Amino acid sequence: MSIRAVLWDVDDTLFDYTGSDRAGMRLHLAAEGLLDAYDSVQQALSRWREITDAQWRRFSAGEVSFEGQRWDRVRVFLGEELSDADADAWFERYIGHYEAAWALFPDVLPVLDALAASHRHAVLSNSSLTVQDRKLRVLGVHDRFETILCAAELGVSKPEAGAFHAACAALDLAPHQVAYVGDHPEIDGRGAADAGLLSVWIDRDGAYTSDDSPGGPRRIASLAELPAILGADTRFGAPSTFR
C-alpha cells in the first residue's frame, strides 16, 4: 500500500536547531560576560551542546520534566546551585538570542510545496507542544501540518514504538501507510523503522556511518530526495547522494 502521510521531526530536520542554538548561545554568552572562562568560543559552545544532549536524554527517559531539563542545563553549565526562578531567568535571556536566529533549512519549503497535494503531513517531536507549536507558527509553516504531537504531552517519546503509533493513530492510518522523516539515526531512523513506518533519515552533513541494512531507515542528504522515495507524482526531486 502506498505512503499516504509524512510525519516530520522538527529540530535539525525542518528547523535549523543546531545553527540557531549556536548563534543564540554565542550572543548570550557574550552578553553575560561568560566567554572569558573558556579558551575559545567553540569550547563554550561544545560544552553547552554536551550538557543539552545529556539533559535531553534525561527528559526523554522520563527522569525530569521539560522545564526541569532546561533549569538543569543552566545549573550544570554555570556550575551553580541556582533556584528554579534564577535558572529560568537565565534560560529566558538565552531564548531571546536563540529565537532571533531561528530559520528553516532551505530545502524545507520546496519539498512541502511539492508534496502538498499528494500527501498529508503531521509532526511528531520529542519536545513539548508549547515550544513546537509556537516555533512552527513563527517559522510560517504551522498550517502545513494536520496535527502536532509532542512527547511531553503524549507521555512517550521516540524511539519508543508507542510514540510513532500514537501519531499514526491520530492520522487514522496504519504504520505502513506513513513515512517518518528525522535527523537522528537511532531515535528517528531506527525508531521509526522498528515501529513499522517507512523511515527516512536525513543526514545533511554525512556525519554518520550507516550500513543501510534492509528494513532500516532510508538515508538522504537533502529533502529534495524525499519525493522520489515516496513515489510522489511530482517533477521535484533528486537522486540520492549516498551509495
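Student: At roughly what angle do the axes of helix H2 (residues 41-60) and helix H3 (residues 66-78) cross?

Tutor: The model considered here is predicted. In it, the axes of H2 and H3 come within 9 Å. H2 passes H3 in a right-handed crossing. The crossing angle of the two axes is roughly 145°.

Student: How do the residues of the contact of H2 with H3 divide into nonpolar, polar and charged?

Tutor: H2 contributes Ala44, Arg47, Trp48, Ile51, Thr52, Gln55, Trp56, Arg58 and Phe59 to the contact. From H3 come Phe66, Gln69, Asp72, Arg73, Val76 and Phe77. These residues of the contact divide into eight nonpolar, three polar and four charged.

Student: What is the order of the strands in the open sheet of six strands?

Tutor: Pairing in this open sheet is parallel. Its edge strands are E3 (148-150) and E6 (218-220), each of which pairs on one side only. On average, neighbouring strands are turned by 25° against each other, direction ignored. The order is E3-E2-E1-E4-E5-E6.

Student: Which helix packs on the sheet, touching E2 and E3?

Tutor: The helix in question spans residues 129-138. Its direction makes about 145° with that of E3. The helix is H6.

Student: Which residue in E2 stands opposite Val6?

Tutor: Strand E1 (residues 5-8) pairs with E4 in the parallel sense over four bridges, and Val6 has Ala179 as its bridge partner in E4. Four bridges also join E1 to strand E2 (residues 120-125), and these two strands run parallel. The residue of E2 opposite Val6 is His121.

Student: Which residue in E5 is the bridge partner of Ala179?

Tutor: E4 pairs with strand E5 (residues 198-202) in the parallel sense, again over four bridges. Within that pairing, the partner of Ala179 is Leu198.

Student: Through which helix does the chain cross from E4 to E5?

Tutor: The connection between E4 and E5 is a β-α-β crossover, and this crossover is right-handed. The helix on the path spans residues 185-194 and is H9.

Student: Why is strand E4 (residues 178-182) largely enclosed by the rest of the structure?

Tutor: Val178, Tyr180 and Gly182 point one way from E4, whereas Ala179 and Val181 point the other way. All of these residues are buried, the cut-off being under 20% relative accessible area. E4 is therefore largely enclosed, because the number of its five residues that are buried is five.

How values were computed:
Residues are numbered from 1 along each chain as its sequence is written. This is a predicted model: local features need pLDDT of at least 70, side-chain atom pairs count only at pLDDT 80 or more; totals for chains, interfaces and linings use all residues. Side-chain values use heavy atoms; hydrogens and water are left out. Axes are lines fitted to C-alpha atoms, for helices over the stretch in contact, and angles run from 0 to 180 degrees between N-to-C directions. A crossing is left-handed if the near helix is turned anticlockwise from the far one by less than a right angle, and right-handed if clockwise. Contact means heavy atoms within 4.5 Å. Ala, Val, Leu, Ile, Met, Phe, Trp, Tyr, Cys and Pro count as nonpolar, Asp, Glu, Lys and Arg as charged, and the others, Gly among them, as polar. Buried means under 20% relative accessible area, exposed over 50%, partly exposed in between (1.4 Å probe, protein chains only). Two strands pair if DSSP finds at least two bridges between them. A crossover is right-handed if, with the strands pointing away from the viewer, the path from the first strand over the helix to the second runs clockwise.
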